[in-house]
Number of protein chains: 2
Amino acid sequence: MSTDVLPLTDRTRVGRLRERQVRDRPELDTILDAGLVAHVAVCRDGVPLLLPMAYARDGDRLVLHGSTGAGLLRAVASGAPVAVAVTHLDGVVYARTAFESSMNYRSAVVYGTATVLEDDERFEALRLLTEHLMPGRWDEVRPPTRQELAATLVLAVPLQEASVKVRTGGPSDESADDPGVWAGVLPLGTSVGVPVPAEDLDADTPLPPSVLASIAAR
Amino acid sequence: MSTDVLPLTDRTRVGRLRERQVRDRPELDTILDAGLVAHVAVCRDGVPLLLPMAYARDGDRLVLHGSTGAGLLRAVASGAPVAVAVTHLDGVVYARTAFESSMNYRSAVVYGTATVLEDDERFEALRLLTEHLMPGRWDEVRPPTRQELAATLVLAVPLQEASVKVRTGGPSDESADDPGVWAGVLPLGTSVGVPVPAEDLDADTPLPPSVLASIAAR
């Protein structure tokens, strides 16, 4: 299907190191689904505003949320073009020269304009945002109140225009450059620590399935 | 000294959750020094361009580099206002409600305009970029050639205007909200894997101090 291939646009066409560009739509989904924090950029008077925030993928769109009082989100809600980036750093690439040193990574930058979600769509997006960050948590806690919903701005950005780049593997230097020097990759990943209970938590409250699942997934 | 306090501007003043704003300049340095990837945003015709890239701190400025052919960097080099974000995700905060769920993080967003570095400054910035990613590596490999230097655009952004935000600690919910539900923090961090030698590396090439130091530092 043509929808499985990401279109090339002025913003998504990789000019250099073209071998890193990935146009498979499923790869975009995989990168987005594996991340927890996105960086969101919008322009105001020619100046970029940039913030890290939570996100989730909802099929063919990406959902964001925040306070109705947040300046950056209000700009996005008013229809300003937005860019949303999710990046995984997978390793440091030690080449035999500084120039060829690199990083292994998977990155996706989604470009578009957002729509404001209301009513049932807003509620469902908040469920997805919670479930993306803490799978299984939604059913462990009470649903948002009407007041909480009213305080939350929820936006959706279509997954139509996106730049996906992936670098994997070892250094792309010439081994002849300095054969005596070690070269290779130092893999990096995410680690999960021991859960820290809230100070006011009853000591005998068991770890819930949502926390156990997140530990098991890492 | 006044230089130890970050100024509040339209872009750096935190409007909501003000308790998360940090104005100590040393905290900005600490956050920048602890990261490996920055997200860089610039506006072109009112549309944000956004990319992850390597960076390093050089005292009171942040240095970036890339190919002289890279569109985003060229826009930054031409004087367009730039935003550079570095974010550390330290934990997932499980509150007793979805609404109060949160993340522990440290983030810095630097705003400014860049200058293009030349000659000795460019060389020194490339050394810092290499040493930031792989401490000790610069002296293990040969220096860049004149050709490699000519192909590399190196930019510096002053650390004058920056928004630093930090969230730490447990959930800020009301324990009365649902006392039977587990609440707390699942800490997240970075893990380092086993180094993978380049395919063409002599089998008896020892791991260099730079790789060993990066493993020890995690």
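# Exercises on a two-chain model

The structure holds 25 salt bridges over all chains. The model is a predicted one, and the exercises below walk through its chain A, its salt bridges and its interface.

**Exercise 1. Describe chain A: how many helices and strands does its secondary structure have, and what share of its residues counts as buried?**

Solution. Start with the secondary structure, which comes to five helices and 12 strands in chain A. Next, take the extent: along its principal axes, the C-alpha trace of chain A spans about 65 × 50 × 40 Å. Then turn to burial, where 52% of the 218 residues of chain A count as buried. The accessible surface of chain A is about 9,600 Å², and carbon and sulfur atoms hold 50% of that. Finally, look at the contacts in chain A with a separation of 6 or more: 70% of them join residues 24 or more positions apart.

**Exercise 2. Which residue meets A:Arg25 in a salt bridge, and is A:Arg25 buried or exposed?**

Solution. Find the partner first: the side chains of A:Arg25 and A:Asp60 meet in a salt bridge, 2.9 Å from N to O. This pair links distant parts of the chain, with A:Arg25 in helix α1 (residues 25-33) of chain A and A:Asp60 in the loop between β4 (56-58) and β5 (61-67), 35 residues apart. Now check accessibility. A:Arg25 has a relative accessible area of 8%, so this residue is buried. A:Asp60 counts as exposed because its relative accessibility is 55%. Last, widen the view: A:Arg25, A:Asp29, A:Asp33, A:Arg57 and A:Asp60 are linked in a network of salt bridges.

**Exercise 3. Follow A:Arg61: where does its salt-bridge partner A:Glu121 lie?**

Solution. One salt bridge joins A:Arg61 to A:Asp58, with the closest N and O atoms 3.2 Å apart. Another joins A:Arg61 to A:Glu121, the closest N and O atoms being 3.3 Å apart. That second pair links distant parts of the chain: A:Glu121 lies in helix α3 (residues 119-133) of chain A and A:Arg61 in strand β5, 60 residues apart. For the two acidic partners, compare accessibility with the partly exposed range, which runs between 20% and 50%. A:Asp58, at 24%, counts as partly exposed. A:Glu121, at 40%, counts as partly exposed too.

**Exercise 4. How many residues does each chain bring to the contact, and how many salt bridges are counted between the chains?**

Solution. Count the residues first: chain B gives 84 and chain A gives 84. Then take the area, for the size of an interface is often given as the accessible area lost when the parts come together. Chain B and chain A bury about 7,000 Å² between them, with 68% of it on carbon and sulfur atoms. In chain B, the residues that lose the most area to chain A are B:Leu50, B:Tyr94 and B:Trp182, together 11% of what that side buries. Turning to polar links, two salt bridges are counted between the chains. A:Asp200 forms a salt bridge with B:Arg96, with 2.7 Å between the closest N and O atoms. There are also 21 residue pairs in polar contact between chain B and chain A, both residues at pLDDT 80 or more. Among the elements of chain B that give two or more residues to this side are β2 (37-44), β3 (47-54), α3 (119-133) and α5 (209-217).

**Exercise 5. Which residues make the nonpolar surface patch of about 220 Å²?**

Solution. The patch is made by A:Leu207, A:Leu212 and A:Ile215. Place A:Leu207 next: this residue lies in the loop between β12 (196-197) and α5 (209-217) of chain A. Patch members need over 30% relative accessible area. A:Leu207 is partly exposed, at 33%.

Conventions. Residues numbered from 1 in each chain as written. Chains lettered and ligands numbered in written order. Heavy atoms only, no water. Patch = residues over 30% accessible without salt bridge, like charges linked within 9 Å, V, L, I, M, F, W, Y side chains within 5 Å. Areas by Shrake-Rupley, 256 points an atom, 1.4 Å probe, with all protein chains shown as cover. Salt bridge = Lys/Arg side-chain N within 4 Å of Asp/Glu carboxyl O. Helix = DSSP H or I, 4+ residues; strand = E, 2+ residues; numbered from the N terminus. Buried < 20%, exposed > 50% of the residue type's maximum accessible area, 1.4 Å probe, protein only. Contact = heavy atoms within 4.5 Å. Buried area = accessible area lost by both parts, 1.4 Å probe. Polar contact = N/O pair within 3.5 Å; in protein donor to acceptor, adjacent residues only side chain to side chain.
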